[in-house]
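Student: I am new to this structure and would like a close look at one single part of it. Could you choose a helix, take me through it slowly, and then show me how it sits within the whole?

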There are 2 protein chains.
Amino acid sequence: MKLPEKTVERLSRYRRLLLNYQFLEKPFIYSRDLARMLKINPVHVRRDLMLLGVSGSHSKGYDVQQLIREISLKLECTTKKSACIVGFSHTGRAVLELYAEGGTPINITAIFDVSTKSINKEFFGVSCYSMENLVEMIAEKEITLVILTNVDEEMGGIKDLLIACGIKGIMNLTSQTIEVPPQIHLEEYDLKTSLIKLTYFSEA
Amino acid sequence: MKLPEKTVERLSRYRRLLLNYQFLEKPFIYSRDLARMLKINPVHVRRDLMLLGVSGSHSKGYDVQQLIREISLKLECTTKKSACIVGFSHTGRAVLELYAEGGTPINITAIFDVSTKSINKEFFGVSCYSMENLVEMIAEKEITLVILTNVDEEMGGIKDLLIACGIKGIMNLTSQTIEVPPQIHLEEYDLKTSLIKLTYFSEA
């Protein structure tokens, strides 16, 4: 059984925060403190941790090391899925850098771009191919996940190609919206929306 | 009166989608179609558009051009706020590229970095300064918004400095969490959480 989307998102946020405390000696944390630090309703935190299957102690709260371990077990597959970056923009390089640091749940096995500056070169050990090789390489490297970072002009065409390739998930980091059929999971992040929220809610 | 955070986020998403249709002749759209395309509850869409103060026609739906115009009026200040990028990583370059394309609600007036490769150079017309000039330049350029893109090592120190400078909003695009006092608005995006959701919800 899959956990709810919001729970997965929050579990990842808990771990991100808890990693700051893991080097303290025998660290413990109360759900209300976790909730306060992340500005989340404490009820959600307690429910998420119940779904995770861990319980805290009344006197000390939750064992931080155990929480980190259980969240990692729950959220990450033992075999990393094969992924590719399509459109090697600065955003694509940022994704690759994070991947190279380790700790991401994917295995980036190919980059596809249209620029001759990148094609046939390696970045952090990952080869960059021409878009023309997309279909063939996706099959060869058993790629199931695609991170779109810069294909604004030909979004429609690329998307249809990816669907035909049997891709299971797309992460859209470009500035354009895409629609995908229900069998494909879509993650989206729009930097511009974040900038708008930043300006709208920051008091002058 | 400020709109609710989720409404602002959705309004920005509506506009992002509607911009694809603006060049059709006299385009109209029904709220239920907008909801379906963005996988949002139609009730939310109708309430958001009511808060925006626009009404649709029963026979044709909402005027796309009018929606785009009203959303822009509501979300964007007439004078753009002054912002800086701190830590000039690939993510920082991606933000700057988006800014250079136009259409972002901010005015990026400075970049701060520790690398001598970037300091004293210009990128898209924006000067990059040493971190040592941070306090002085924030005052000089009346910067109120900060986009953190790579300051992992010294996050605590930088944050305290920014608070002391009277910064109103921070966008945290680094891989570390930060806590800010209530008078500062914080936007956060964690790429790693998105990658986890992508792998977790994409069926093998």
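Tutor: Before we start, one term is needed: a residue is called buried if 20 or more other C-beta atoms lie within 10 Å of its own, and exposed if 12 or fewer do. Please also keep in mind throughout that this is a predicted model.

The part I would choose is helix 4 of chain A, which covers residues 64–75. This helix has 12 residues, and from its first C-alpha to its last it reaches 16 Å, close to the 16 Å expected at 1.5 Å a residue. Which of its residues are buried? They are Val64(A), Leu67(A) and Ile71(A). An α-helix has 3.6 residues a turn, so residues three or four places apart point the same way. With that in mind, look down the axis of helix 4 of chain A: the buried residues fall within an arc of 55°, so they line one face of the helix.

What, then, lies over that face? The cover of the buried residues of helix 4 of chain A includes helix 1, strand 1 (28–29), helix 3 (42–52) and strand 2 (62–63) of chain A.

One residue of that cover deserves a pause, namely Tyr62(A), whose place is in strand 2 of chain A. Tyr62(A) counts as buried because it has 24 C-beta neighbours inside 10 Å. Leaving aside residues up to four places away in sequence, Tyr62(A) touches Leu67(A), and also Phe28(A), Ile29(A), Ser31(A), Leu49(A), Val54(A) and Gly56(A). Leu67(A) is one of the buried residues of our helix, so this list of contacts leads straight back to where we began. Ile29(A) is another partner worth finding, since 33 residues separate it from Tyr62(A) in sequence while the two C-alpha atoms are 5.1 Å apart in space. For chain A as a whole, residues 24 or more positions apart account for 58% of the contacts with a separation of 6 or more.

For contrast with these buried positions, turn to Lys39(A), which is found in the loop between helix 2 (31–37) and helix 3 of chain A. Lys39(A) counts as exposed because it has 9 C-beta neighbours inside 10 Å. Its phi is near 50°, a positive value in a residue other than glycine.

Now step back to the whole of chain A, whose secondary structure comes to 8 helices and 9 strands. Of its 204 residues, 34% count as buried, and along its principal axes the C-alpha trace spans about 60 × 45 × 30 Å. The domain assignment divides chain A into domain 1 (5–75) and domain 2 (81–192), and the C-alpha centres of these two domains lie 32 Å apart.

Chain B can now be brought in, beginning with its own helix 4 (residues 64–75). There the end C-alpha atoms of the 12 residues are 17 Å apart, which agrees with the 16 Å that the helix should span at 1.5 Å a residue. Val64(B), Leu67(B) and Ile71(B) are the buried residues to look for in helix 4 of chain B, and, seen down the axis, the buried residues of that helix fall within an arc of 55°, so they line one face of it.

How are the two chains related in space? A turn of 180° with a shift of 0.0 Å along the axis lays chain A on chain B with an RMSD of 0.0 Å. The two copies are thus related as by a two-fold rotation axis. Of the residues of chain A, His90(A) comes closest to that axis, with its C-alpha at 2.5 Å.

Where the chains meet, 49 residues of chain A are in contact with 48 residues of chain B. On the side of chain A that touches chain B, at least two residues each come from helix 1 (5–18), helix 5 (90–101), strand 8 (169–172), strand 9 (185–188) and helix 8 (191–201) of chain A. The largest share, 11 residues, is supplied by helix 8 of chain A. By kind, the residues of this side divide into 19 nonpolar, 15 polar and 15 charged.

Conventions:
Residues are numbered from 1 along each chain as its sequence is written. Chains are lettered from A and ligands numbered from 1 in the order in which they are written. This is a predicted model: local features need pLDDT of at least 70, side-chain atom pairs count only at pLDDT 80 or more; totals for chains, interfaces and linings use all residues. Domain bounds come from an automatic or database domain assignment. Two residues are in contact if their C-beta atoms, placed from the backbone, lie within 7 Å. Helices (H or I, at least four residues) and strands (E, at least two) are DSSP runs, numbered from the N terminus. Ala, Val, Leu, Ile, Met, Phe, Trp, Tyr, Cys and Pro count as nonpolar, Asp, Glu, Lys and Arg as charged, and the others, Gly among them, as polar. The expected span of a helix is 1.5 Å times one less than its number of residues. The arc is that of the directions from the helix axis to the C-beta atoms. Copies are superposed by least squares on the C-alpha atoms of residues with pLDDT of at least 70 in both.
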